Amino acid sequence: MKIDLAILNRQFELYQAEYEQAALKVLRAGWYVLGQEVAAFEREFASYLGGKFCIGVNSGLDALTLSARALGIGAGDEVIVPANTYIATVLAITANGATPIFVEPDEFYNLDAAKIESAVTPKTKAIMVVHLYGQAARMDKICAVAEKYNLKLIEDCAQSHGAKFGGKMTGTFGDAGCFSFYPTKNLGAFGDGGAIVTDDSDLAKTLKMLRNYGSEIKYHNKLEGVNSRLDEMQAALLRVKLSHLDELNAERKKIADKYLAGIKNSSLILPSICAGAEHVYHQFVIRTTRRDDFKRYLETCGIKTVIHYPIPPHLAECYARLGYKRGDFPITEKLADEVLSLPMFNGMTDDEIDFVIEVCNGYNA
Ligand SMILES: *Cc1c(COP(=O)(O)O)cnc(C)c1O
C-alpha cells in the first residue's frame, strides 16, 4: 500500500458534483474578481466563526502581513511570536519592518503563555499567536497578557479553521484572525487564498482598502495598498467546502482518534490535548529521537511523511541578520529534530489508517 501525507483529489471527490456546479456558475457569470461569491463567502465565514467582518485576500501570508500593517505595526516595533512556527508568521512581521521576538513553546507545541511576560519590553506592540497543527493555543492566558500590557493580538489561524478554545472559535479572540486557504489546509481552496476576520469596523475598512490598491472608491487611492484579492472562483469553491467544514474536521478527528488508540510504540510520542483546547488535526504530529531513521523506515513501507518544520525561523538563512544561533531556543530546536507528520487527509480509508498504525507499531528503534 502507498500513502502520501495528503491525497488532495480525495477531498475533491467527496463533494465533486457541488464543486463542479459552483465552478461552472462562476465561469458563466462573467465576473471574476471581487463579486457576489466573495461577498457571500465573507459573510458566511464571519458568521461561521462568530465574528463581525471578514475580508478575503490572496493568501494566509497576506492576511497576516496586511493585518499587522493595518494595526500600525512597523519599524521600531517588537512583535512577540512563537519560535516554533511556520516561517510565514515571522515573514509577516519583518515585511512591515518590525522585529520578531521569539518565545519558546509549551508541551502542546504552542506559544508558552508563561514565558510571554518576560519577553515584553517598552517596544512591544503586539503578540502574534499561532494555533499550530490545528490545536488552539492557551487563549485565556495569552489574552490576559495582551490585555495587561495593552498589546495588539493577531491570531495565525492558517492551521486552525474551526478549532476552539473554551468553546470560542480561534480567530475571534484578538484584533484580527488570519486564515489561509492553501489547498492542504482544513478549509483549503483549489489555489491560493486567505482571509482576515475582525470585529473592528475601522480595521475591516482599512483592510478592504489595503487589499485593493488602497482605494475604497475606484481610482481614489487613500493608502499605499497592494493587490491581494480572493477571486470569485476560489470563493465559490470555498463556500461549498465551508458548508461541510464541520464534517471534514470531524473526519480528521476520527482519524486522529484511531491513531491515538492504535499506535502503541514506546519510541513514539503522540500529540496531547491542552485542557480547554480543541484540536482540528491539520496535522497529526508525532515525536521521536530517531526521527530521520523512522521517516526512512516509513518510506520503505510506502508511507510518505513530512517534517513540519525542519528549520526553525530563527535559524533560517534569510534571518541570519537577526544574529541568532543554534542553542538560542533549545525546545524549538529539539522539536525541529524530532517531529514528524503522519498521513492525515479527508477521504483517507480505514485500510490506510490501519496500515499506518500497523507500520508504526512494527518499528523497532
Ligand atoms: C500555511 C501557513 C501560513 C501561510 O499561508 P499561505 O496561504 O500559504 O500564505 C501562515 N502560517 C501558518 C502557520 C501556516 O501553516
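# Two pockets and a buried glutamine

The second largest pocket holds about 370 Å³ of space. Of the 15 residues that line this pocket, L34, N212, S215, K218 and R229 are the closest to its centre. Welcome to this structure, which is a predicted model. Below is a short tour of its two largest pockets, followed by a look at Q234.

**The second largest pocket**
- Helix 7 (201-210) and strand 10 (215-217) each give at least two residues to the lining of this pocket.
- Sorted by class, the lining of the second largest pocket has six nonpolar, six charged and three polar residues.

**The largest pocket**
- The space in the largest pocket comes to about 640 Å³.
- A set of 41 residues lines the largest pocket, and those closest to its centre are S180, Y182, T184, K185 and H282.
- Several elements each supply at least two lining residues here: helix 1 (8-14), helix 4 (60-70), helix 5 (87-94), strand 8 (176-180) and helix 9 (245-262).
- In the lining of the largest pocket, 21 residues are nonpolar, 14 are polar and six are charged.

**A look at Q234**
- You can find Q234 in helix 8, which covers residues 232-242.
- Q234 counts as buried because its relative accessible area is 8%, and the cut-off for buried is under 20%.
- Leaving out residues up to four places away in sequence, Q234 touches A189, F190, G191 and D192.
- With F190 there is also a link to the backbone: the side chain of Q234 reaches the backbone nitrogen of F190 at 2.9 Å.

Technical notes. Residues numbered from 1 in each chain as written. Predicted model: local features only at pLDDT ≥ 70, side-chain atom pairs only at ≥ 80, totals over all residues. Heavy atoms only, no water. 1 Å grid on protein atoms, 1.4 Å probe; cavity = no way out; pocket = protein on both sides within 12 Å on 5 of 7 lines; lining within 4 Å. Points joined across faces, edges and corners; volume = space filled by probe spheres on them. Helix = DSSP H or I, 4+ residues; strand = E, 2+ residues; numbered from the N terminus. Nonpolar A, V, L, I, M, F, W, Y, C, P; charged D, E, K, R; others polar. Buried < 20%, exposed > 50% of the residue type's maximum accessible area, 1.4 Å probe, protein only. Polar contact = N/O pair within 3.5 Å; in protein donor to acceptor, adjacent residues only side chain to side chain. Contact = heavy atoms within 4.5 Å.
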